[in-house]
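Thanks for coming, everyone. I'll keep this short: sheets to begin with, then helices, then a pocket. Have a look at the screen.

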Amino acid sequence: MQMPIESLNLLMLNVGFARQEADWNWQDVNSPFTRIYCVTEGEAVLHLEGKAVRLTKGNLYIIPAYTSHSYECDGVFGHYYLHVYEGFKKETNVFERFDFPTEVPAREGDEELMRRMCERHPDARLPESDPRSYDNTRGLTDYVRRYGELPLHEKMALRGATLLLFSRFMERAKEKVWTKDERLTKVVKHIHNNIYDDIDVDELADVACVTKPYLIRLFRRDFGVSPLQYINRKKVEKAQLLLLTGDMAVKEVAYTLGFGDHSYFIRLFKKVTGRTPMEYREMFGGSGKGK
């Protein structure tokens with residue numbers, strides 16, 4: 001099933017060029033935005049999902065949001081970086097729909113495209129290599145506000161450039177196979193497409209055309225968690241992005257995600273992340289985050 005282009009609501013946070021000298025060694029990075037790199041010189045190593053990926057000249061790299069990873073760099077390493085996030089929308093997140101290759105060859109003009117993006121938006125570059133200077137609530141909110149204040153033609157140009165770079169990965173992406181059980185495939189797609197609503201497990205049982213207890217057993221078999229635990233985890237991910245890229249009150253975030261009781265939302269958020277929503281806003285980026 002093809003994803004319509006209008007569903008790819010990718011918005012820019014940052015674009016810039018960085019030249020590191022053995023000082024790009026961040027651990028346990030996990031951010032609510034997606035990173036795209038274009039390497040221009042030197043090498044570094046990216047560790048994610050149990051594998052080591054060597055970042056080399058002539059290639060593009062992508063790290064989806066909420067993907068834990070680390071970096072190693074013991075020499076000169078030059079790269080363009082682009083940080084993007086998917087704006088508020090009801091449709092399934094593209095990174096939940098597809099598995100993307102981490103590395104693809106850069107095509108002629110890709111490096112030049114990123115250079116021009118940097119020239120046109122010098123204030124979108126990161127202030128320094130230390131992630132604590134930008135990977136926090138104030139920094140993200142400022143970048144989101146900056147993008148929102150751009151004239152329409154600049155937004156169109158950025159969207160076009162971002163989609164062009166993203167298309168390099170999309171060309172080799174494969175639709176995810178969450179499960180071989182078609183009933184559960186329908187259930188998971190329903191969850192993703194309605195994540196901002198109050199999703200009831202009885203409703204999911206109707207989607208799968210099975211009883212509620214049987215659905216729970218099937219879901220645990222293939223996903224290792226109950227349908228409700230899966231829903232809550234995905235809602236908390238959306239909440240993290242809303243908290244860090246906007247100025248919604250916590251209660252408003254809870255209601256936006258279909259929680260009628262914002263106190264329950266706060267307890268759930270803390271159970272999943274280890275922090276309350278306000279603590280997450282204040283403390284996010286306090287350690288270990290990188291470009």
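In what order do the 3 strands of the open sheet run? The order is S4-S3-S6, and the pairing is antiparallel. Before I go on, note that this is a predicted model.

Look at the edges of that sheet. Strand S4, residues 51–55, stands at one of them, and strand S6, residues 69–72, also stands at an edge. Each has a single partner strand, so one side of each is left without a neighbour in the sheet. Neighbouring strands here are turned by 25° against each other on average, with direction ignored.

Now the pairing itself. Strand S3 covers residues 44–48 and pairs with S4 over 5 bridges, in the antiparallel sense. To find the register, take Leu 48: its bridge partner is Lys 51, in S4.

Next, the sheet of 5 strands. It is open as well, and the order is S1-S7-S2-S5-S9. Pairing is again antiparallel. Which strands sit at the edges? Strand S1, residues 10–21, and strand S9, residues 103–105. Each of these pairs on one side only. From one strand to the next, the twist averages 20°.

Inside that sheet, look at strand S2, residues 34–42, and strand S5, residues 59–63. They run antiparallel and are joined by 4 bridges. Cys 38 stands opposite Leu 60 in S5.

A helix goes with this sheet. Helix H2, residues 110–120, lies across S1, S2, S5 and S7. Strand S7 spans 76–86, and H2 runs at about 70° to S7.

On to helix pairs. Take helix H5, residues 182–193, and helix H7, residues 212–223. Their axes come within 11 Å and cross at roughly 90°. The two helices are therefore roughly perpendicular to each other. Who meets whom? H5 brings Arg 183, Leu 184, Val 187, Val 188 and Ile 191. On the H7 side, the residues include Tyr 214, Leu 215, Leu 218 and Phe 219, and also Arg 221, Asp 222 and Phe 223. By class, this contact of H5 with H7 has 9 nonpolar residues, no polar ones and 3 charged.

The other pair is H8 and H10. Their axes come within 10 Å, crossing at roughly 95°. That makes H8 roughly perpendicular to H10. From H8, the contact residues are Asn 232, Val 236, Ala 239, Gln 240 and Leu 243. They meet Tyr 264, Phe 265, Leu 268, Phe 269, Val 272 and Thr 273 in H10. The classes in the contact of H8 with H10 are 8 nonpolar, 3 polar and no charged.

Last stop, the second largest pocket. How much space lies in it? About 230 Å³. Two elements give two or more residues to the lining: helix H8, 227–245, and helix H10, 262–273. H10 gives the most, with 5 residues.

Here is the lining by name. Val 225, Leu 228, Gln 229, Asn 232 and Arg 233 are part of it. So are Tyr 264, Arg 267, Leu 268, Lys 271 and Val 272. By class, the lining divides into 5 nonpolar, 2 polar and 3 charged residues.

One link is worth keeping. Asn 232, Tyr 264, Leu 268 and Val 272 are among the residues where H8 meets H10, and these four residues also line the second largest pocket. That's the tour; over to you for questions.

Methods
Residues are numbered from 1 along each chain as its sequence is written. This is a predicted model: local features need pLDDT of at least 70, side-chain atom pairs count only at pLDDT 80 or more; totals for chains, interfaces and linings use all residues. Side-chain values use heavy atoms; hydrogens and water are left out. On a 1 Å grid over the protein atoms alone, a cavity is a set of points where a 1.4 Å probe fits but cannot get out, and a pocket is an open set with protein on both sides within 12 Å along at least five of seven lines; lining residues have an atom within 4 Å of a point. Grid points are joined across faces, edges and corners, and a volume is the space filled by probe spheres set on the points. Ala, Val, Leu, Ile, Met, Phe, Trp, Tyr, Cys and Pro count as nonpolar, Asp, Glu, Lys and Arg as charged, and the others, Gly among them, as polar. Axes are lines fitted to C-alpha atoms, for helices over the stretch in contact, and angles run from 0 to 180 degrees between N-to-C directions. Angles under 35 degrees count as roughly parallel, over 145 as roughly antiparallel, 65 to 115 as roughly perpendicular and the rest as oblique. Contact means heavy atoms within 4.5 Å. Two strands pair if DSSP finds at least two bridges between them.
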